[in-house]
Amino acid sequence: MSSTNNSTRATPSPLTTNGIPPKSTTGIIPTNNVTTKAGVTVRARIDPTLTVEDVVRQLCLHLKVAEPYTNLALRDRDTEELITSENLRKKIKNKVHLKLVNSSAIEAAGIIEKLGRRDEKSLRMSLFFLQKFIKEEKFAQEFLDRDGLRELVDVIETAHGNTLAYALTAMQNLMDLDYGCFIFKVVQILSSPNSLINVCRPATVILKKLVEADPANVVVAPPGSVYRYGFQSVYEQMRRQKGSLETVVSRLGSPDTAMAQQSMMLINSLLSHVNDTYWDEFIADLERLNVRKAAIRLMSSHVDDLTSCVLDFQANIVRVTYKKKITVVEPEVELAHLSALHYIWECSGVQEELDSEGQPLKWRKLGFDSENIMEEFQDAGVLGLDCLVNFVQDDPDFFSKVILEQLSRPQERRCPVAKASNEIVELLSQHWTIFAPAYSTSTFQPFLLNFPKVHCLALHFFLRMWNESASAADDFSRISALTRSEIKVALQQESARPWHEVEHDFLECEYRAVRDRQMQELEAGDDLLSKVPVRNLKEKLMRESAEFVRQQRIHCLLQGAWFLNGVPTQHTGSARRPNGQWRFMRLDTGLKYLHYVDSPAKFDVRNGTEDLPDRIEIAAISQITTGTCAPLPNLARDHPDLSTSLSPSPLSFSLLSGGGESLADQIATDQSRWADWTDGLNMLRRDSGHVTSEETAGYIKALTEIGLKIKLLDLSGEKVDIPSGLVAGPPPTNTDFFFSDLL
């Protein structure tokens, strides 16, 4: 701004009483009208090269405003737009009428104070202004810095009507800002030891929703869409806040079931959406925090509300294990792989030499078939490397002793320890069917979550069987078969068996007893099923069977079915009271909505969704819980076979939102319909990997076995001999060839 003597840059001049400015006596043309908080309007020439802070300071100086200039800001009088250094030049050029107002910091502090009072009238007015101001990045930053998000979440928890609408709009506008402050503030609230449970629960749900709002989940994200966040946006802010992931994992042990459930659901979302950039780091963090142990404790808690999310975690761990198994070990590229191999070698206590042909003799001393590490871990992948490292870490002295003991024996009598380790990885992977995407189970598998520990026990068993049977190099497949038999027995009835019994079976059983049992199994079964090509075929058929059953279940949802409306018994949140005792539900052809209608009696429902006015978005369903609701009290008269008590029906299920609210509480009319719908809805969810009913799991197993028998009958009918393995022939001597398209 300019003045008459050029010593300052502002010469405001008041308007006359008729609104016409007096003629300038300095010859300097004013650029903008500025109205003060007192209502006085002046004309001032504003220098566009100044910052907004300097403009406000000089206006306060020349207008003799007593209030500190840092408490003030400029806004467009007509549009209420905040004037910033970025838009100041444009406002000057357009001669916009400006006004002096409270700064963003003062406005944010005032609104937060009114939010805390909970006075209905002032609260509604404050939220009305908040939903407008929160769109401004500067105000949003001040609002978050003053812990305004906590107050806003509290209001959302308790408000209703227009007040709740204003609060939710303010939250939506805050989330629309394209920067990480909002996410970081939610992470801070979640990580704070002073945050109350009723604050942490919605904060956890918000983070879960932000993780799932990944742009990769939609073909084209519309402007302003929530699909702008995703795993990376959330995890980067969690990395900024020290201890945030530790806090989430620690809350898995919370006595508040809903808090433990939502923490597990957040971990599941992170596991389901983790990208390649942070995959290694995030998985390493979870392993460091021993989240598997926390999940095992939840398995033993016998809380029905936690069943679904723990099974989802179990399925995610299978996916993680499978990805490790197919990840190539590349010590020349990955420093972590090189470091792990170096640790194994150092703990072995042996020295590298040259063999009789002058070639390096290093990894073969540990029991590998060659010196090519990438080839040796081709089947077991990084999973095999991690398991071998874990075995060494469990007892480094024992590992060194075993290696040195094998090297002291004749070549043909040595047990290939490293090769045996990779073989155990394969046997355990086959036992737990670790191959994507067909994994499905309705039971807890705590030993699966202890994969490295089970591997360690099984490898000890392998070494002991080798020694007790005085085996030679040609006996490797025989000892492998013994170990497979022992794994099958030791890990049976996994959900109910204590860990100490598993340890006893692996460490105490005698060779003779294991051999006798294996012979009985071979007499009762068929050695053909243990051959690698047949096992690979079984894995392929299981994937196909799982997909077939999934399509059949979804087809049942598309057809629709009648259910009895139920009453939630506990931990299912608030639910809208149904309009009748019956509900017909049907999935739309786009697989996005579950349409339904309530009725006092059944009626013929036409195809399509014309007769179904209400709907539930599939994406809003975060969990399907079973055995959670009882029949309506007035059903006893019409259905004497139903229990009149409020005990949950075994054929009931509830659809829960991310916030724990019940979207639907239904009771199936028979076991088959209950299995079709609970498993169909679980299979429909993107992040689900388990089935609820034994019936569905049995179908998948039966289809796999029938398909396998048919395939084997074709081979046995032709008297085709199935080899235990295939040996690749020598490579071509040149590249002067091509593959024909003709059969």
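# A walk through a predicted protein model

Let's start with one residue: T704 is found in helix α29, which covers residues 694-717. Bear in mind as you look around that this is a predicted model. Is T704 buried or exposed? With a relative accessible area of 1%, T704 is buried, because anything under 20% counts that way. Which residues does T704 touch, once we set aside its neighbours within four places in sequence? T704 is in contact with K538, L541, M542 and S545.

Now zoom out to the whole protein. There are 29 helices and 15 strands to find your way through. Out of 743 residues, 48% are buried, and T704 is one of the buried ones. The accessible surface comes to about 37600 Å², and carbon and sulfur atoms hold 52% of it. The chain also folds back on itself: if you take the contacts with a separation of 6 or more, residues 24 or more positions apart account for 67% of them.

Next, head for the inside. The largest nonpolar core has 75 residues, and the members that touch the most others are L130, F182 and F282. Which helix gives the largest share of this core? That's helix α12 (residues 257-273), with eight residues. Pick out F282 and check its contacts beyond the neighbours within four places in sequence: you'll find F231, Y235, L245, L270, L271 and V274. Apart from this core lies another one, made of 59 residues, including A380, L385, V392 and F399.

Helix α4, residues 120-133, is a good place to stop next, and F129 sits in it. F129 has a relative accessible area of 33%, so it counts as partly exposed. Together with M125 and F128, F129 makes a nonpolar surface patch of about 280 Å².

F129 also has a ring partner. A pair of aromatic rings is described by the distance of the centres and the angle of the planes. The whole structure holds 23 aromatic pairs. One of them joins F129 and F133, with 6.1 Å from centre to centre and 20° between the planes, and this pair is stacked. Why is it called stacked? Because planes under 30 degrees apart count as stacked. Where are the two residues relative to each other along the helix? F129 and F133 are four residues apart in helix α4, so about one helical turn separates them. Their surroundings are worth a look too: F129 is partly exposed at 33%, whereas F133 is buried, with a relative accessible area of 6%. The rings go on from there, as ring pairs link F128, F129, F133, F139, F143 and Y166 into a cluster.

Let's move from rings to charges. How many salt bridges are there? The count comes to 36. Take R201 and D256, whose closest N and O atoms are 3.2 Å apart. R201 lies in helix α9 (residues 197-212) and D256 in the loop between α11 (244-250) and α12, so this salt bridge ties together parts that are 55 residues apart in sequence. R201 is partly exposed, with a relative accessible area of 24%, and D256 is partly exposed at 24% as well.

For another example, look at R239 and E281, which form a salt bridge with their closest N and O atoms 2.9 Å apart. Here R239 belongs to helix α10 (residues 231-240) and E281 to helix α13 (residues 279-288), so the pair ties together parts 42 residues apart in sequence. R239 is partly exposed at 42% relative accessible area, and E281 is partly exposed at 31%.

Then try D598 and R583, whose side chains meet in a salt bridge at 2.6 Å, N to O. This pair links distant parts of the chain, 15 residues apart: D598 is in strand β10 (residues 593-599) and R583 in strand β9 (residues 582-587). Are these two buried or exposed? D598 is buried, with a relative accessible area of 12%, and R583 is buried too, at 5%.

Salt bridges can also join up into something bigger than a pair. In this model, D76, E81 and K91 are linked in a network of salt bridges, and that's a good spot to end the tour.

Conventions. Residues numbered from 1 in each chain as written. Predicted model: local features only at pLDDT ≥ 70, side-chain atom pairs only at ≥ 80, totals over all residues. Heavy atoms only, no water. Patch = residues over 30% accessible without salt bridge, like charges linked within 9 Å, V, L, I, M, F, W, Y side chains within 5 Å. Areas by Shrake-Rupley, 256 points an atom, 1.4 Å probe, with all protein chains shown as cover. Salt bridge = Lys/Arg side-chain N within 4 Å of Asp/Glu carboxyl O. Buried < 20%, exposed > 50% of the residue type's maximum accessible area, 1.4 Å probe, protein only. Contact = heavy atoms within 4.5 Å. Core = buried A, V, L, I, M, F, W, Y, C linked by side-chain atoms within 4.5 Å. Phe/Tyr/Trp six-rings, centres within 6.5 Å; stacked < 30°, edge-to-face > 60°.
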